[in-house]
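This report introduces one protein structure to a reader who has not met it before. Please keep the sequence and the three-dimensional view at hand while reading.

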Amino acid sequence: MSLRDEDSIVPLRALKDNYIWLLHDKMTNQAWVVDPGDAKPVIHYLDAKNLILSGILITHHHADHSAGVPQLLQYAGDIPVFGPADSLTHLISCPLREGEKICFSGWEFTTIAIPGHTLDHIAYAGADILFCGDTLFSAGCGRIFEGDAKMMYRSLAKLNRLDDQTKIYCGHEYTLSNLYFAHLVNPHHPAIVQKIKTVEAIMKEGGCTLPSLLKDEKRINPFLGCHTPEIITAVEKYTNKKLDNPVEVFYYLREWKNLIS
Ligand code: ZN
Ligand code: FE
């Protein structure tokens, strides 16, 4: 069994629709968690599986991604809390900047700065795995709270350039509602119709729709397609304006989605 097989990364449901991703080193029984917005599900899992928490990763300062940190430090002792440098949260003990690397078990992750949702937002990428918090979701993207459309577009473009086989581990279970919006924008796209069927079945069983493959996101995620004729045409029709560049298309597409959910 490989140390880095799929079941070494476990989704823990938290709060309303958050995911806390738990990385499990099966040789040492140590674990890292990504974006613990709540400590309870993490402690519950660690205790049930007899794991030792040895590190925490934070993608951005929002409480639903970090509020569990103080209780986890109480529980696990003095373990590193990795996260963005210049963050609004004071919970981070190991600040990271663009391009810095961290290692756990057989994994090596590189930090990518992806501001837009928040100014401090970072992703962790390595070995075809991407923890991207609230920037890229399956079939959607995060709201722009602190940056602007150009900043968010550039951040998504950075993620879009990663390898096709990259698995997207994002921060929320928003896949189905995102797909309904993708379908509204692009009604005749067979891959979107197919994915809705698959995801509806998963949700009916209470399952997890993630990770999703970047290769598939490139086909179904309208926010990654703002340079493509289908999305440009759909957004121009919606706004009744001629749009000159992908950033403009992205801006109006995001505004359109904001009105819906
Ligand atoms: Zn957020
Ligand atoms: Fe969030």
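## Backbone features

Asp86 has a relative accessibility of 65% and therefore counts as exposed, the cut-off for that class being over 50%. The values in this report belong to a predicted model. Asp86 is placed in the loop that runs between β5 (81-84) and β6 (94-96). Although Asp86 is not a glycine, its phi is positive, at about 55°.

A positive phi is also found at Asn29, again a residue other than glycine, where the value is near 60°. Asn29 belongs to the loop between β2 (18-25) and β3 (30-34). With a relative accessible area of 31%, Asn29 is partly exposed, because that class lies between the limits of 20% and 50%. A further backbone feature is the cis peptide bond that leads from Leu210 to Pro211, with omega near 0°. Pro211 sits in the loop between α5 (190-204) and β14 (212-213).

## Salt bridges

How many salt bridges does the model contain? The count comes to seven. Side chains of opposite charge can pair when their charged atoms come close. Three of these pairs are described here, beginning with Asp164 and Lys218, whose side chains meet in a salt bridge at 2.7 Å from N to O. This pair links distant parts of the chain, with the two positions 54 residues apart: Asp164 is in the loop between α3 (149-160) and β13 (167-170), and Lys218 is in helix α6 (residues 214-220). Asp164 counts as partly exposed at 33% relative accessibility, and Lys218 counts as partly exposed at 35%.

Asp17 and Lys16 form another salt bridge, in which the closest N and O atoms are 3.7 Å apart. Are the partners buried or exposed? Asp17 has 16% relative accessibility and so counts as buried, whereas Lys16, at 77%, counts as exposed. A salt bridge also joins Asp38 to Lys40, with 3.4 Å between the closest N and O atoms. Here Asp38 is buried, its relative accessible area being 16%, while Lys40 is exposed, with 54%. The limit that places Asp38 among buried residues is under 20%, so a value of 16% falls within that class.

## The largest pocket

Rolling a probe the size of a water molecule over the atoms shows where empty space is left. The largest pocket holds about 260 Å³ of space. Its lining consists of 16 residues, and those closest to the centre are Phe137, Cys141, Gly142, Arg143 and Tyr174.

Which helices each supply at least two residues of the lining? They are α4 (175-185) and α8 (246-260). Sorted by class, the lining comprises four nonpolar, seven polar and five charged residues.

## A nonpolar surface patch

Leu184, Tyr238, Leu259 and Ile260 together make a nonpolar patch on the surface, with an area of about 420 Å². Ile260, one of these residues, is located in helix α8. Its relative accessibility is 45%, so Ile260 counts as partly exposed. A residue needs over 30% relative accessible area to be part of a patch, and Ile260 therefore passes this limit.

Helix α8 thus appears in two parts of this account: at least two of its residues line the largest pocket, and Ile260 of the nonpolar patch lies in it.

## Distances along the chain and in space

Two pairs of residues give a sense of how the chain is arranged. His117 and Met151 are separated by 34 residues in sequence, and their C-alpha atoms are 9.1 Å apart in space. His117 is part of the loop between β8 (107-113) and β9 (122-126). Is this residue buried or exposed? With 4% relative accessibility, His117 counts as buried.

In the other pair, Ala157 and Leu243 are 86 residues apart in sequence, and the distance between their C-alpha atoms is 19 Å. Ala157 has its place in helix α3. Its relative accessible area is 21%, and Ala157 is therefore partly exposed. The upper limit for a buried residue is under 20%, so the value of 21% leaves Ala157 outside that class.

Technical notes. Residues numbered from 1 in each chain as written. Chains lettered and ligands numbered in written order. Predicted model: local features only at pLDDT ≥ 70, side-chain atom pairs only at ≥ 80, totals over all residues. Heavy atoms only, no water. 1 Å grid on protein atoms, 1.4 Å probe; cavity = no way out; pocket = protein on both sides within 12 Å on 5 of 7 lines; lining within 4 Å. Points joined across faces, edges and corners; volume = space filled by probe spheres on them. Helix = DSSP H or I, 4+ residues; strand = E, 2+ residues; numbered from the N terminus. Nonpolar A, V, L, I, M, F, W, Y, C, P; charged D, E, K, R; others polar. Patch = residues over 30% accessible without salt bridge, like charges linked within 9 Å, V, L, I, M, F, W, Y side chains within 5 Å. Areas by Shrake-Rupley, 256 points an atom, 1.4 Å probe, with all protein chains shown as cover. Salt bridge = Lys/Arg side-chain N within 4 Å of Asp/Glu carboxyl O. Buried < 20%, exposed > 50% of the residue type's maximum accessible area, 1.4 Å probe, protein only.
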